[in-house]
Amino acid sequence: MTRTIRSALFIATLTFPGLAEAQSIDYAALEQLFGEPVTNSATGSPQRESQVPATMIIITAEDIRRSGARDIPGVLQHVVGVSVLQTSNDYADVSVRGYNQAFAPRLLVLVDGRQVYADYYGFTPWSSVAVELGSIRQIEVVKGPNSALFGFNAVAGVINIITYDPNNDDVDTVSLSAGTQGLVQGSIVSTWKPSDSIGILLSAGHREGDDFSSPLQPADAGVRRGNERNAVNLGIEWEASDHLQYAVEATYSDARQAELAPLYTMVYNDYETNSIKGSAIADTQIGLLQATVYSNQITSRSFLPGVSGIWLTARNRVSVAQLQSISKIAKQHTLRLSAEYRHNTMATTPVPGGDVFYDVAAFGSTWEWQLDPSITLTTAVRLDHWSLGRTGSVPPGYPLTNEDWDRSQTEPSFNVGVVWQASEVDTLRFLAGRGVQLPNLVNLGGLVLPLPFPPGGFASGVPDLDPTIVENYEISWDRALSSIDAQLRVSAFNGRSRDIVAVTGGARPSEGLFGLPMNIGNSTTAGLEISLHGTLRDEWRWGMSYRGQEIDDDFAAGSSVGVTLTDFENTTPRHVLKANVGWTRDRWEADAYVRYLSRFEGVLGVAIGGAGTAQLVPIPSHAAMDVRVAYAVNDRIAIELSGRNIASSMQRQTSAPDVERAVFATFAMTFGSAK
Amino acid sequence: MYVTPSVFNALAQIARLVRPKIRLWQAALACLLVFCVPARAEVTAADVQVAARALSFVSNPLKGPVRVGIVYAAGNPKSVQQAQSLRSMLGNGLRVGNLELRPVLVKSTDVAGTDVDLFFLTEFMTVEETPRRLGNRTRQSILCVTTDIAQVRRGACVMGVRSRPKVEVFVNQASATANDVSFSTVFRVMITEL
């Protein structure tokens, strides 16, 4: 991999002749210039938050600090339209605009453009993301499909976590927390510049504690084995000149905790991840050119308690090479061109000996046309050609051969957006998008599980699953209400998902295959989001939001065990209200966040080989509250008290064990030259 | 109450697209009669901040002490007043980022003989009063900044800035090229080129 990165950097340098003298992206400088956050997660080109052709929310470092959260899902659950299912003390599934499920697959998550979404099971193991909250400049939440920019799996939305830039930001913080459930947590974030042209960012964190003590299903007994997370991230940037920048980053994490698995039974998972990334950015006479290569590896060891009582080990590696150029080709026209190759492979489990993989070659373009100073049309298209394959051995009696995996397919994605700044205070967006979600590698054949009970055979993935296609149409209206120093946003959306994949439910008894994933049909949705937030007399900040959503599933019957475990119309709450209020005076700061979810249902699964069938269970309507109170001892030291789900000692929020109240104290200190 | 160019443009766009019988000048007249007030009267501190921040995206960006030549038309009281106001604002040197802006008043007829790092063109100058080329003894061309967007539009100045109602930066690309000034791609895709 190191050789690959060196080669890529060398090639990148060779292909950037005629360098103009200008800088690459400097978030801090652009934010200071325009007075608002800047992002490139909507189109690939840098844009002001107020002008992006997408329904986007940018969570700033200040928002993160005031959230009182101790992990990223804790920050996200305060955001309108973002659904967070807390299924254990240190595990949560996150989705955008409903369609949440165990191991939520529809939301693509990246850190500085590097995906941390785990393709082997199509989800994001948040605790294994090697980023500390203190190292985050902003979290960019893009709602709706965005495959035309990011590729497969950006169908419900994209979350791009942007960390500080050690060449332009000065951050030195340490924090220590302790609280209920035996929580002990510490993190350190530091930037330093050994020379004018080199910047280094180091972040590291440790967390340990217990899971909730709320009652478990009998089959889940033994799943609580202690939670722990360790993570480290090292990034180095070298500004070779005013117009050329190199960067390398390496991460490592090890996280283990109880969590709700795709079969809706509790498992204990131990994730070990590492990644390495290299990039070169050059500002040339033809535009901004960027080359990026990275490789992620994740190994998970899953303990399935109860009847199964087995450990499953999964190994997944994804290697990605990306090229892009951004050019202002005329006064009103900006063009972004991109090419990407990725190789994604997973060793079969629990029967080893095989590798299931796919290669993706993709080309895309984004064209931004400023029709008028107040109207911009953005069109993005992308073609992804993916080829599936399998190598290695198959176990005796397995009915499939490697040739069954020889297939390829080309999938288009698009995003079209019109942004009309109708007045000084009004912005209208008209958006349409098509995204593609690939079946995960487990479902494509990574799982090869001999069934130890009659009639025998295998629980397995299959190679003939189709991708899920998600379309979304949306209108949104932003209005600045200067009289009350507030911002209003209203969004109406309509979406359709075709060929949704259920993780189990299919069977081919004649071939001895059971518990197969399958495409089960379509689903449509329509919804409305309204949010209003503002400030009052500089001391107060407040916000409130409502999301109403209906989902209509049209799934084929056909489950051999009575339920496919996939149900969105009943498991998505129709009404979600969120509100927050915050106050700052002198050295004191206090924030409170409330969310209300109307009644919905959760899936209660059955362990492999267990008796009975999965079923839907009611999740009562409920309100949950998070709070934070902080006191700044001086300019460098703050003491905080935070509470999560403080409204009740134990609360049913999902079909997983009840969520407990958690309270913790934090000591935070800034050191070095930064304050 | 006043209406910004974006509103005017939106109205004009509607006029063009929805009511083709209404011409641009008619929309402008309606706008003037109903909403508009005269153009801005002074350069604000926020404008200066925006201008200084924008300078960091120029090739070979200026750093440290920067002599800002505030160009005014001696026979134009409004121009003189704005120049004096701007000089007061900058005082003995205003720090913005890694720049320290030091003002020097420059008559529009004296630009060629003035040694400064940057020109700031005051508003209200007529075409006749505006220098044709902003160069001096040491450099044939120097970057020019103004809050008078019309000057940018007609090529008298390379960059125009506005801080209200929202931050906007305008660059006359032809003028930039003629003055041998270039900007980073990131900056160019985020601003309005005229």
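Biologist: Is Asp499(A) buried or exposed, or something in between?

Modeller: Burial goes by relative accessible area: buried is under 20%, exposed is over 50%, and partly exposed lies in between (1.4 Å probe, protein chains only). Asp499(A) is partly exposed, because its relative accessible area is 27%. Bear in mind that this is a predicted model, where local features need pLDDT of at least 70, side-chain atom pairs count only at pLDDT 80 or more, and totals for chains, interfaces and linings use all residues. Residues are numbered from 1 along each chain as its sequence is written, chains are lettered from A and ligands numbered from 1 in the order in which they are written, and side-chain values use heavy atoms, leaving out hydrogens and water.

Biologist: Where does Asp499(A) sit, and what is its phi?

Modeller: Strands (E, at least two residues) and helices (H or I, at least four) are DSSP runs, numbered from the N terminus. Asp499(A) belongs to strand 27 (residues 486–508) of chain A. Most residues other than glycine have a negative phi. Asp499(A), not a glycine, has a positive phi near 60°.

Biologist: What about Arg97(A) and its phi?

Modeller: Arg97(A) isn't a glycine either, yet its phi is positive, about 55°. You'll find Arg97(A) in the loop between strand 5 (91–96) and strand 6 (107–111) of chain A. Arg97(A) counts as buried because its relative accessibility is 5%.

Biologist: Which peptide bonds should I look at for cis geometry?

Modeller: Most peptide bonds are trans. In chain A, the bond from Thr349(A) to Pro350(A) is cis, with omega near -5°, and Pro350(A) lies in strand 19 (residues 349–350). In chain B, Arg164(B) and Pro165(B) are joined by a cis bond with omega about 0°. Pro165(B) is in the loop between strand 6 and strand 7 (168–171) of chain B.

Biologist: How many disulfides are there over all chains?

Modeller: A disulfide is a pair of cysteine sulfur atoms within 2.5 Å. The structure holds one over all chains: Cys144(B) to Cys157(B), S to S 2.0 Å. This pair links distant parts of the chain, 13 residues apart, with Cys144(B) in strand 5 (residues 144–146) of chain B and Cys157(B) in the loop between helix 5 (149–153) and strand 6 (159–162) of chain B.

Biologist: Why is the disulfide of Cys144(B) and Cys157(B) called left-handed?

Modeller: The torsion about the S-S bond of Cys144(B) and Cys157(B) is about -100°, so the disulfide is left-handed. Both Cys144(B) and Cys157(B) are buried.
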